[in-house]
Amino acid sequence: MTRRLPTPTPQELALTGVTALWGGTFLVLHLAMQHSGPLFFVGVRFLMAAAMVACLAGKKMAGLTRKEVRSGLVIGIALSVGYVLQSAGLQHLSSSRSAFITALYVPLVPLFQWVLLRKPPHIMSWLGIILAFGGLVALAGPAALSLTFTHGDLLTVLAACAIALEIVLISLFAQGVDSRRITVCQLVGGGLFALLLMPVMGEHVPAFSWIWVVCAAVLGSLSALVQLVMNWAQKSVPPSKAAIIYAGEPVWGGLVGWIAGDHLPGTTLLGAALIVCGVLASEMRPRWLVRKQQHLTENG
């Protein structure tokens, strides 16, 4: 009997959808960084997003619990650090290079998951991660083989570490909380953290510009949507599988660039194919592997 490929769950489809949306935002963020500092922009963007989610939650906010506040603040700080470092890196990097380096969080998530959650990933998840990361290298093209660490590169690598930590923390704290309330706490905590760091880091409020205002509103709306979906979906989607789905971000970014007139070389198409294979591989559980695992469990 022919085995059918596993059908993605609504949660996995939702994560895929927000990943597609997010893949097109690197150019917007790159534009915003020409008119604002990273701390101010991230702070304003997150507070805008928090206001949107709070309006959506409405009377539900009255049931806010201490657990949601504590968990939201912890996740929000990791979220803020990741986006501040990514934004700072974009002041020195192209948007495509930033997208590639940021995606290093894909292989980092299962390592953080192993350390924090004591849950070693399934062997097929590891295979999916390897394929997805290979796809990311292919997307970078020949430049990936001669990656030199500039100041912007280092900031973006640190951003990838923070984003990987955020993904694992969401899975750790997502159970037993209201997705909308904890999202508000994350965004408020992350926004205030970024703004409070401004005097410490010597960053000043930028001159008014409709460019950073519009960019903050657009990315704030997306931040609200993305965090809501992540907090809801990762109640059932493991962090390693979520990381594989998020690995599609530069693929969608490349597609947006192609629509805008960018040329897509063969390495880009190869990278996209490898990432899709990684997603499928992470979903599959071969019978022989399941039987072997059962045998080891019975004799362990």
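This is a short tour of a predicted model, going from its aromatic pairs to a surface patch, the core and one covered helix.

Begin with the aromatic rings, of which four pairs are counted in this model. Select Phe40 and Trp212, whose rings form an edge-to-face pair with 5.1 Å from centre to centre and 85° between the planes. Phe40 belongs to helix α3 (residues 38-57) and Trp212 to helix α10 (residues 210-233), so this pair ties together parts that lie 172 residues apart in sequence. If you colour by accessibility, both Phe40 and Trp212 turn out to be buried.

Now add Phe208 and Trp210 to the selection, where the ring centres are 5.1 Å apart and the planes stand at 80°, so this pair too is edge-to-face, the cut-off for that class being over 60 degrees. Phe208 and Trp210 are both exposed, whereas Phe40 and Trp212 are buried, and yet Phe40, Phe208, Trp210 and Trp212 make up one aromatic cluster.

Move next to helix α6, which spans residues 105-117. On the surface here, select Leu111, Trp114, Val115 and Leu116, which form a nonpolar patch with about 380 Å² of accessible area together. Leu111, which is placed in α6, is partly exposed, with a relative accessible area of 39%. Gln113 is also placed in helix α6, but its relative accessible area is 5% and it is buried. Showing the surroundings of Gln113, and leaving aside neighbours within four places in sequence, you will find contacts with Arg118, Lys119, Val168, Pro239 and Ser240.

Two of those partners, Pro239 and Ser240, lead on to helix α11, where they are among the buried residues. Helix α11 (residues 239-246) is mostly covered, with eight of its eight residues buried; besides Pro239 and Ser240, these are Lys241, Ala242, Ala243, Ile244, Ile245 and Tyr246.

From α11, select Tyr105, which touches Ala243 and Tyr246, and also Ala160, Ile163, Ala164, Ile167, Ala247 and Glu249, when residues up to four places away in sequence are not counted. Tyr105 is also a good entry to the interior: the largest nonpolar core has 68 residues, and those with the most contacts inside this core are Leu15, Phe41 and Tyr105. Helix α10 gives the most to this core, with twelve residues.

The tour can close where it began, on helix α10, which also holds Trp212 of the pair with Phe40.

Terms used
Residues numbered from 1 in each chain as written. Predicted model: local features only at pLDDT ≥ 70, side-chain atom pairs only at ≥ 80, totals over all residues. Heavy atoms only, no water. Phe/Tyr/Trp six-rings, centres within 6.5 Å; stacked < 30°, edge-to-face > 60°. Helix = DSSP H or I, 4+ residues; strand = E, 2+ residues; numbered from the N terminus. Buried < 20%, exposed > 50% of the residue type's maximum accessible area, 1.4 Å probe, protein only. Patch = residues over 30% accessible without salt bridge, like charges linked within 9 Å, V, L, I, M, F, W, Y side chains within 5 Å. Areas by Shrake-Rupley, 256 points an atom, 1.4 Å probe, with all protein chains shown as cover. Salt bridge = Lys/Arg side-chain N within 4 Å of Asp/Glu carboxyl O. Core = buried A, V, L, I, M, F, W, Y, C linked by side-chain atoms within 4.5 Å. Contact = heavy atoms within 4.5 Å.
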